[in-house]
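Biologist: Could you take me through one part of this model in some detail, namely the surroundings of the ligand? I'd like one connected account rather than a list.

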Amino acid sequence: MHSSSLFSFGARYPIITCRVSPPTLAPVASLPLPSTSSDSLACSLQCPHFQSCSGCTQELNLHRPAVVEEASDFFKRYGVEDFTFDSCRLWGWRCRAKLAVRGSSDNALIGLYQEGTHTVVDIPDCKAHHPNINAAIELLREGIKVFDVLPFDEDQGTGDLRYVQMAVTTHSTSLRAPDRYKNGKVQVSLVWNSRNEKSYNADKLQALSSFLWRKGGPNNEFHLIHSVWANFQTSTNNIIFGNRWRHLLGERDFWEHVGGIDISLDPSSFGQANTRAFDSLLWKLHKYVPGGSSVADLYAGAGVIGLSLATSRKCSSVKCIEVNKEARLSFEKTVQRLPNSLNCSITWHHADASVNPLSWIIGSDVVVVDPPRRGLDASLRQMLESVPSIEKRMRSSSQSSNSNAKEEKRPWILRARELSVHAGNKQAPEENNTLPQKLIYISCGWESFKEDCKSLLSSRAWELEKAHGFNFFPGTDSIEVLAVFKRRVVMKKKKKSGIKKVGIKKVRAK
Ligand SMILES: C[S@@+](CC[C@H](N)C(=O)[O-])C[C@H]1O[C@@H](n2cnc3c(N)ncnc32)[C@H](O)[C@@H]1O
């Protein structure tokens, strides 16, 4: 149970929508809206791991990370007076966690690194995790002990289990909607320190996964485990996952429901950690995309944003660009569950958005970018800043060239076309030379966003129309931003004609 309210702090503060949910799953009475120092207490983390674990940095005022005020002031400076902040769920929000496994089989440490070290802190009572992630961790800990699974030793490169990824699906249509979140099931991915499933320690992997399924699978009073996967990784670098994935037990497909569509997420593709907050962001985003638009979704992952727009805004075309080829399978599965009536050309391209970025946005009305924390690739940002001059050049060259379409020869475009997936009822539209009038920037990195935003605005190609913040990471001083830019209208200077103005007499109608 949670309380949901809208409260405004007047002109100086952003509008904050706060949904206060309790740290445990037991139903509690709605909490009154915090207004003074009692804010901090009502919305405090209350986590025993705070300060030893690097995951959370803010213990009080979870509903209002300090950066919100800075963001509000920043947007005001650029003409957006009505920045809003949606606070969403404050505890148990994390539906996707990657955790290191260290220590010994008798005393496994499953958690995050201590700030600035490679010492893993065990976090069995993490308040950010969906409670079923914590339950699955306990089961895993038991299995590690029973089967003498050796946690990874970074110095020696030895051991069996390096990391675990836990992802919760809250999409169970057999349950009543209010019961779905708390009954989420966990997809467990074990990152195994071997080349493949035939390696010397494969029997332990098999024993551990069977244990998780036996104790947490559908034959138990509480069905906790959705599925078990293995990822094989032997490299000495810090990269968590290797390239080889194996589905071991349970359902292969993992479904979630956000932004009005069912989405499939394989463990290897990017998924947002805060499912409910992402859902809120998507619904807000829909409002800014005119019906029937052509959309380019850059940094698309499995195409969740583009596909949700295709459905809700009846887009005429959606083009998703993503560098991780593993996301393709999830995209294809999601497309299969879209409504049959959709009259949209949908494509997903395995490509780097920073290489010839113009080719990806040409022909689109709206471009959506959702880059990693480091922000936009410089080549993409520069291209977006040059949109007006590119448009001008294209206009004059199309007037001078004849109308016969040229054969495409650029290798990176031909390659990306080969690696693309085409879905939807509609054929890909004829390529036209329009460039987007709207740019929607979704950001999880406030510092890089500010730099990109300032640069886009100083180019005078774009102006800010709206901005919203979402509490994607309660317990930290980070927020997710949704910023809407529109093309700046440039007033044409009147040409001096050189002819003297002749006074025009107003003739009154009689
Ligand atoms: C913050 S995630 C967003 C994913 C997706 N929009 C979603 O919400 O599920 C950023 C994505 O950008 C991808 N990416 C990073 N650099 C890229 C690039 N240069 N070109 C295309 N995709 C890139 C990553 O693989 C990742 O899937």
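**Around the ligand**

Modeller: Let's start with Glu322, which sits in strand β14. Bear in mind as we go that this is a predicted model. Glu322 counts as buried because it has 25 C-beta neighbours inside 10 Å, and 20 or more is what it takes to be called buried. As for who those contacts are, once you set aside the neighbours within four places in sequence, Glu322 touches Tyr299, Ala300, Gly301, Ala327, Trp348 and His350.

Two of those names come back when you look at the ligand itself. There are 19 residues around the ligand, and the ones that come nearest are Phe270, Tyr299, Gly301, Val323 and Ala353. So Tyr299 and Gly301 are in contact with Glu322 and also belong to that nearest group, with the burial of Glu322 resting on its 25 C-beta neighbours inside 10 Å.

Strand β14 also matters for the shell as a whole: β14 (317-322) and α7 (304-312) each contribute at least two residues to the shell around the ligand. If you sort that shell by class, you get 11 nonpolar residues, 4 polar ones and 4 charged ones.

Now for the annotation. UniProt, in an unreviewed entry, puts the feature "binding site" at Gln272, Tyr299, Glu322 and Asp370. Glu322 we've met already, as a residue of strand β14. Gln272 has another setting: it lies in the loop between β12 (261-264) and α6 (275-286). Even in a loop, Gln272 is buried, because 23 other C-beta atoms lie within 10 Å.

Stepping back to the chain that holds all this, the protein has 510 residues, 44% of which count as buried. It carries 13 helices and 20 strands. Among contacts with a separation of 6 or more, 70% link residues 24 or more positions apart.

How far would I trust it? The model scores ipTM 1.00 and pTM 0.87. Mean pLDDT for the protein chain is 88, with 83% of the residues at 70 or more. The weak spots include residues 18-36, where pLDDT is below 50, although the model gives that stretch 39 contacts beyond near neighbours in sequence. Residues 1-14 also stay under 50, with 23 contacts beyond four places in sequence. Where pLDDT is low, the predicted coordinates shouldn't be read in detail.

How values were computed: Residues are numbered from 1 along each chain as its sequence is written. This is a predicted model: local features need pLDDT of at least 70, side-chain atom pairs count only at pLDDT 80 or more; totals for chains, interfaces and linings use all residues. A residue is near a molecule or strand if its C-beta atom, placed from the backbone, lies within 6 Å of it. Helices (H or I, at least four residues) and strands (E, at least two) are DSSP runs, numbered from the N terminus. Ala, Val, Leu, Ile, Met, Phe, Trp, Tyr, Cys and Pro count as nonpolar, Asp, Glu, Lys and Arg as charged, and the others, Gly among them, as polar. pLDDT is the predictor's confidence in each residue, from 0 to 100. Two residues are in contact if their C-beta atoms, placed from the backbone, lie within 7 Å. A residue is buried if 20 or more other C-beta atoms lie within 10 Å of its own, exposed if 12 or fewer, and partly exposed in between; C-beta atoms are placed from the backbone. UniProt positions are given in the numbering used here, feature names are shortened, and annotations may be inferred rather than shown by experiment.
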